[in-house]
Amino acid sequence: MPFNAYVVDCIRTAHGKKKGALKDCHPADMGAFVIDELLRRTGVPGKAVDDVILNCSTQIGCQHLLGRVTVMASQLLPEDVAGTMVDRKQQAIHFAAQAVMSGDQDVVIACGVESMSKVPVGSAMAGMKYSTPFHSEGLQRKYNAAGAGLKVWNQFDNAELIAKTYEITRTELDAFAARSHRKAAAAQASGTTRREIVAMPIARPGAGGPSVFDRDECVRPATTESALHALLPLHPGGVVTAATSSQASDGASACLIVNEVALYKYNLKPRARIVSMAAVGSNPLLGLDGPIAASRKALHKAGLRVADIDVFEVNEAFACVPLAFEKSLGVDPEKVNIFGGACAIGHPLGSAGTRLLTTLVNALETTNGRYGLQAVPDEATGNAFVIERVTDVDPEPVMSRLAKL
């Protein structure tokens with residue numbers, strides 16, 4: 001019989017800027033830290049966890065085999081929890097939800113980790129004879145119409161194309177990025193962000209012992225549109241700048257996803273229910289507008305309209321991504337990334353999906369909203385899901401039906 005997927009709890013580390021506070025932390029230790037904190041907060045025993053699904057974007061060096069190594073680094077998970085990896089930023093949550101909805105598993109942790117200090121973006125393709133996936137002859141034939149060959153994967157080029165295609169101006173991009181910093185700074189000042197961040201002990205040279213890291217390092221409260229407008233574009237004649245791109249950073253996040261069997265067995269009180277999910281491919285020449293189609297699909301599956309959604313979390317890989325999303329779907333900008341986004345707080349790539357869910361649940365609880373939608377672009381794909389904030393769920397009806405089978 002089908003089950004629902006519930007988010008019992010979700011947490012994240014603060015984001016360290018590249019070569020900042022988390023630069024010396026092994027990514028497996030960051031992942032293990034948020035997993036162990038999640039288990040402590042919920043009271044779920046480690047032996048009850050059926051699997052850990054971890055997202056990491058650059059899976060080489062110390063991030064190779066990170067799903068399994070993170071489980072082994074955990075102090076609360078037994079070694080017979082397998083652990084695995086994915087590389088589509090939001091997909092760990094989708095797979096975890098699908099596992100518990102099927103009834104094959106009851107308790108799954110979706111996790112995300114990235115150390116961009118230790119493993120810079122693009123490292124996996126550096127120095128190789130076939131250094132990008134795009135040497136495929138079949139792919140080149142398919143996307144070489146009118147000379148638009150896909151020679152190199154470059155999301156900065158994609159961002160410029162998104163801005164051109166969706167008629168987004170430099171002024172709009174600068175205004176969005178400045179607003180992201182203001183919203184993030186306000187959330188820090190009010191203590192709102194503290195509700196999703198778990199303080200992580202770290203070693204600081206010369207500090208005389210461990211100190212606590214609990215505040216996003218990348219936020220610049222004094223950022224203004226005029227200051228951003230003075231920056232040079234990344235490409236001559238372009239509109240995208242470093243400030244309207246996400247900030248490279250380090251961090252980890254984790255979510256506990258369960259069904260009614262686990263709610264009943266461990267007396268858990270969930271914070272949200274996953275209503276619908278969608279994943280789509282998108283044109284690789286644009287590369288970053290997958291969240292638009294994925295969100296339409298997720299809304300259709302949920303039987304909801306854009307107007308029914310109280311809060312949106314759309315990953316700010318570049319400022320043009322949420323701006324194109326707002327224009328295409330007619331979304332009220334006041335409902336999007338209400339605590340700021342990756343332009344301000346940073347973007348540890350692999351942690352994006354679970355970090356956004358952590359923030360989305362926090363935002364729904366803060367605003368007393370009912371429905372939230374989350375959407376993330378990836379390598380010419382897009383993921384989206386709708387969640388519903390819940391305060392009390394009675395698993396007894398499901399358990400009664402299950403007992404009669």
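I looked up phenylalanine 325 first and found a relative accessible area of 0%, so I noted it as buried. The model is a predicted one.

Next I searched the whole structure for aromatic pairs and got two. I took the pair of phenylalanine 156 and phenylalanine 318 and noted an edge-to-face arrangement, with 5.3 Å from centre to centre and 85 degrees between the planes. This pair links distant parts of the chain, 162 residues apart. Phenylalanine 156 sits in helix α5 (residues 155–165), and phenylalanine 318 is in the loop between β10 (311–314) and α10 (320–329). Are the two rings buried or exposed? I have phenylalanine 318 as buried, at 4%, and phenylalanine 156 as partly exposed, at 38%.

Phenylalanine 325 pairs with phenylalanine 312, also edge-to-face: 5.9 Å centre to centre and 70 degrees between the planes. Phenylalanine 312 belongs to strand β10 and phenylalanine 325 to helix α10, so this pair ties together parts 13 residues apart in sequence. I checked phenylalanine 312 as well; its relative accessibility is 1%, so it counts as buried.

Then I turned to the helix that holds phenylalanine 325. Which helix crosses α10, and at what angle? The axis of α9 (residues 290–302) comes within 9 Å of that of α10, and the two cross at roughly 45 degrees. I therefore put α9 down as oblique to α10. The crossing is right-handed. On the α9 side the contact is made by Pro291, Ile292, Ser295 and Arg296; on the α10 side, by Ala324, Phe325, Ser328 and Leu329. I sorted the contact residues into five nonpolar, two polar and one charged.

Methods. Residues numbered from 1 in each chain as written. Predicted model: local features only at pLDDT ≥ 70, side-chain atom pairs only at ≥ 80, totals over all residues. Heavy atoms only, no water. Phe/Tyr/Trp six-rings, centres within 6.5 Å; stacked < 30°, edge-to-face > 60°. Helix = DSSP H or I, 4+ residues; strand = E, 2+ residues; numbered from the N terminus. Buried < 20%, exposed > 50% of the residue type's maximum accessible area, 1.4 Å probe, protein only. Axes fitted to C-alpha atoms, helices over the stretch in contact; angles between N-to-C directions. Parallel < 35°, antiparallel > 145°, perpendicular 65-115°, else oblique. Left-handed = near helix turned anticlockwise from the far one by under 90°. Contact = heavy atoms within 4.5 Å. Nonpolar A, V, L, I, M, F, W, Y, C, P; charged D, E, K, R; others polar.
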